[in-house]
Amino acid sequence: MAVFQAALINELEKLRKKKKAVVAIVLSLLMTVIGQLLVLGVRMGFGIRGAGSTDFSMLVLSFAVNTLLPLFAVLVAIDSFSGEFNQNTMRTTLTRPISRFKIYAAKVTAIGIFILVNLAFLSILSLVFGLVFSGDTMSFKGVLQVILAYGVSFFPIFILALGVVLLANVLKSGTSVFFVAILSFIIFKGLGVLFSQYSGILLTSYFDWYNLWLASSMPWVKILREFLLMLGYGLIFFTGAYYLFDKKEF
């Protein structure tokens, strides 16, 4: 366990030093500021309240889970694998007295922590802005719903990241992985719209999974079904990527 913890700390330190972590924070801040300015513009220009404090957090989440969060999950997953493959730094990592599985698991865990931190930062930021500009509409129940929505949004984004990890172990170039991942994301999003009756089997249709948790009467059967489907995707991606990673020669 101590060896895995050391490997995880090392991976987190690598992520901390990369500019993508800073860019993710800056873009999250900009997105929240611009969103709040738009809400204030609607309120002042048309006399419409726009969005309450917790409603604003949900608007931010709705936009983020379909744009920024998947994008940065893709970029970090690519950097963690393709980046090190291309720079030949993976060879140095493998010279340490640690199994390939622990190295792989540490990288995947670090990606998951990065996604969680992004979601936590965005939720706190949106709640703070909501409190400052629409504090009279904030309630304890609303805050709990925001925390729940942001928390469960971790799963579909993390599964997407695992899919990119698999691609990174199939394709050699990080650029190729990026374009294939983005193109696949767009195609599956389009298929979900064109063939809505089959969208339930597409991973990209689960980014609004948090809405099920906010329903007045929770559809537990649908929640469980979609969770099991995501779990199935995750196991396939995780296992397939590890198999390829374990067989690679550096």
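This briefing covers the aromatic contacts, salt bridges, cavity and largest pocket of one structure.

The model is predicted. A search of the whole structure finds 17 aromatic pairs, and the structure holds two salt bridges. The same kind of whole-structure search gives one cavity of 30 Å³ or more. The largest pocket holds about 310 Å³ of space.

**Salt bridges and the charge over a ring**

- E11 and K14 form a salt bridge, with 3.4 Å between the closest N and O atoms.
- K14 and E11 both belong to helix 1 (residues 2–17), and because they are three residues apart there, about one helical turn separates them.
- The second partner of E11 is K107: in this salt bridge the closest N and O atoms are 3.2 Å apart.
- E11 is in helix 1 and K107 is in helix 6, so this salt bridge ties together parts of the chain that are 96 residues apart in sequence.
- Through shared partners, the salt bridges join E11, K14 and K107 into one network.
- K107 has a relative accessibility of 0% and therefore counts as buried.
- E11 is buried as well, with a relative accessible area of 5%, whereas K14, at 23% relative accessibility, counts as partly exposed.
- K107 also takes part in a contact with an aromatic ring: its charged end sits over the ring of F81, 5.8 Å from the ring centre.

**Aromatic pair F101–F238**

- The ring centres of F101 and F238 are 6.3 Å apart and the planes stand at 80 degrees, so the pair is edge-to-face; the angle needed for that class is over 60 degrees.
- F101 lies in helix 6 (residues 100–134) and F238 in helix 11 (residues 220–247), so that the pair links distant parts of the chain, 137 residues apart.
- Both rings belong to partly exposed residues: F101 has a relative accessibility of 38%, and F238 has one of 25%.

**Aromatic pair F155–W209 and the ring cluster**

- F155 and W209 form an edge-to-face pair, with 6.0 Å from centre to centre and 90 degrees between the planes.
- F155 is in helix 8 (residues 154–170), while W209 is in the loop between helix 9 (174–194) and helix 10 (210–213), so the pair ties together parts 54 residues apart in sequence.
- W209 counts as buried because its relative accessibility is 3%, and the cut-off for buried is under 20%.
- F155, with a relative accessible area of 34%, is partly exposed.
- F155 and W209 are members of a cluster linked by ring pairs, which also takes in F154, F158, W213, W220 and F227.

**Largest cavity**

- The volume of the largest cavity is about 40 Å³.
- Its lining consists of A24, S28, L68, L69, F72, N118 and L122.
- Helix 2 (19–46), helix 4 (68–87) and helix 6 each supply at least two residues of this lining.
- Helix 4 provides the largest share, three residues.
- By class, the cavity lining has five nonpolar residues, two polar residues and no charged ones.

**Largest pocket**

- The lining of the largest pocket comprises 16 residues, and those nearest the pocket centre are L160, S184, F188, L203 and F237.
- At least two lining residues come from each of helix 8, helix 9 and helix 11.
- Helix 8 gives the most to the pocket lining, with six residues.
- The pocket lining divides into 13 nonpolar and three polar residues, with no charged residue.

**Elements that recur**

- Helix 6 holds F101 of the F101–F238 pair, holds K107 of the salt bridge with E11, and supplies at least two residues to the lining of the largest cavity.
- Helix 8 holds F155 of the F155–W209 pair and supplies six residues to the lining of the largest pocket.
- Helix 11 holds F238 and supplies at least two residues to the lining of the largest pocket.

Terms used:
Residues are numbered from 1 along each chain as its sequence is written. This is a predicted model: local features need pLDDT of at least 70, side-chain atom pairs count only at pLDDT 80 or more; totals for chains, interfaces and linings use all residues. Side-chain values use heavy atoms; hydrogens and water are left out. Rings of Phe, Tyr and Trp (its six-membered ring) pair if their centres lie within 6.5 Å; planes under 30 degrees apart count as stacked, over 60 as edge-to-face and the rest as tilted. Helices (H or I, at least four residues) and strands (E, at least two) are DSSP runs, numbered from the N terminus. Buried means under 20% relative accessible area, exposed over 50%, partly exposed in between (1.4 Å probe, protein chains only). A charge sits over a ring if NZ of Lys or CZ of Arg is within 6 Å of the ring centre and within 35 degrees of the ring normal. On a 1 Å grid over the protein atoms alone, a cavity is a set of points where a 1.4 Å probe fits but cannot get out, and a pocket is an open set with protein on both sides within 12 Å along at least five of seven lines; lining residues have an atom within 4 Å of a point. Grid points are joined across faces, edges and corners, and a volume is the space filled by probe spheres set on the points. Ala, Val, Leu, Ile, Met, Phe, Trp, Tyr, Cys and Pro count as nonpolar, Asp, Glu, Lys and Arg as charged, and the others, Gly among them, as polar. A salt bridge is a side-chain nitrogen of Lys or Arg within 4 Å of a carboxyl oxygen of Asp or Glu.
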